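Visitor: Could you walk me through this one? I'd like to go topic by topic.

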Amino acid sequence: MERSVHAIVDKALGGGVLDVPELEHLFAVPKLSQEAYLIHYASRKLSEEASHGKAEVHGQLGLDVGPCPRDCRFCSFAMSNGAFGKPSRLSVDAVVEACHDFEVNGANAIYLMATGTYPLVDFLAMGRAAREAFATPVPLIANIDDFDDEGARQLKGAGFTGIYHALRLEEGMVTRIEPARRLATVGAARRAGLLVGTCLEPVGSEHTFAELAEKTIATRDMHPVFSGAMRRVNIPASPLSANPTVDYAQMALVLATVRLAMGRDVVGNCTHEPNRIGAMAGANLLWAEVGSNPRDMSESTVRGWTVQRARSELSEAGWDVLDGPSAMYAQG
Ligand code: SF4
C-alpha cells in the first residue's frame, strides 16, 4: 500500500532512510499543496539540526571558457552548442584577486572551476597560488574534470580540501562521460582524503520523478558534505532548451525532498541560482559565482548573488550565517 506524505516525512524526521518509491512520492506532490509545505518545513528542520542553525555562502570562480569535448548538452561550453570559439583563461593574478575578494567578503569556502580541457598541472598551479594568497584557512575546493587516484593526491597536496562533483541527470546520454567515470572520480577523491560536495543537477522539466529519486540516492551514496538541487538554465543553442525551465517553487520542493533523503548526517543542502524560496525550504548553502559559468553565455559573468547579498538573503530567510571557514568542509 502506498504510504502517505505525512508518514514518509515522519520517517525522515525520525532518522529513517528514504527509498526510491518514497522519494518519487514526495517529488510528485503538487508544489503549492499543503503537503509541499509540510515537506518544506521538515526539510528546514532537518537542515537546521544538521548545521546547528548555521547557513553558509560559498564562492565559485570559473577559470576558463572554450569548446569542451565532453559535450554536456546543458553546458554553454559543450562543443556541439557552439557558444565559444576560442579558448581563454584567467591569469594567475586575476584568480588570486578574485579569490581574495571572496575571502574578504566572507565566503566560507572558495571553489576553482574549470572546463574539461583545463590541464590538471595548470589547475594545480592555480590552486597553489590561490592557497598561498589566502589570509585565513578558508577551504579551497576543486570543480574540474574527472581524475584518478594520482590526480586526487596531487589536488590534496596542492592545498585543496575537497571537490564538487556530480553524477548528472542523464549522465552518459546528454554527456559524453560514462557514469562509472564520474563515480570513480568521487572514489579517488575520498581515498585521498578530499571531501565531496554534490547535488542533484541539472534538473529539467523533462526528468521523471523516478530519475530524480535514483540520482538523489546516488548523491547520498557519495557521503557528501552537502547535497541539494540545481535547475538547468537553458542555453540558447542547446537541444535541451526545448524543455521549459523548472521554476523556483518546484525547485524548493525538489531540494526539500533531497534534504529529507540525506538525513542529519549531511550538513549542507544547497540551491544554486538566487532561490529565496529554497532558503526558506531548507537550503543552508547559497552561492556567489563569478568568472566563466556553464550556465551563462558570457566569458565573465556573475550568477546568483554576491557573497554579501547571499548572506543577507539567508538572514532574511531566518538563518544565522556562519563567519569563518566552512563547517561543511571541516568534517572527517
Ligand atoms: S559541464 Fe564541464 S565537462 Fe561538461 S561540457 Fe561543460 S565544461 Fe565540459
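Visitor: Which space does the ligand take?
Guide: This is a predicted model, in which local features need pLDDT of at least 70 and side-chain atom pairs count only at pLDDT 80 or more, while totals for chains, interfaces and linings use all residues. Residues are numbered from 1 along each chain as its sequence is written, and side-chain values use heavy atoms, with hydrogens and water left out. The ligand takes up the largest cavity, a cavity being a set of points, on a 1 Å grid over the protein atoms alone, where a 1.4 Å probe fits but cannot get out; a molecule sits there if more than half of its atoms lie within 2 Å of the grid points.

Visitor: And which residues are around the ligand?
Guide: Cys68, Arg70, Asp71, Cys72, Cys75, Phe77, Thr115, Gly116 and Arg168 surround the ligand, each with a heavy atom within 4 Å of it.

Visitor: Is Cys75 buried or exposed?
Guide: Cys75 is buried, at a relative accessible area of 12%, where buried means under 20% (1.4 Å probe, protein chains only).

Visitor: Changing topic, how many disulfides does the structure hold?
Guide: The structure holds zero disulfides, a disulfide being a pair of cysteine sulfur atoms within 2.5 Å.

Visitor: Why no bond for Cys99?
Guide: Because the closest cysteine sulfur, in Cys270, is 19 Å from the sulfur of Cys99, which is too far for a bond. Cys99 is also buried, with 0% relative accessibility.

Note on methods. On a 1 Å grid over the protein atoms alone, a cavity is a set of points where a 1.4 Å probe fits but cannot get out, and a pocket is an open set with protein on both sides within 12 Å along at least five of seven lines; lining residues have an atom within 4 Å of a point. Buried means under 20% relative accessible area, exposed over 50%, partly exposed in between (1.4 Å probe, protein chains only).
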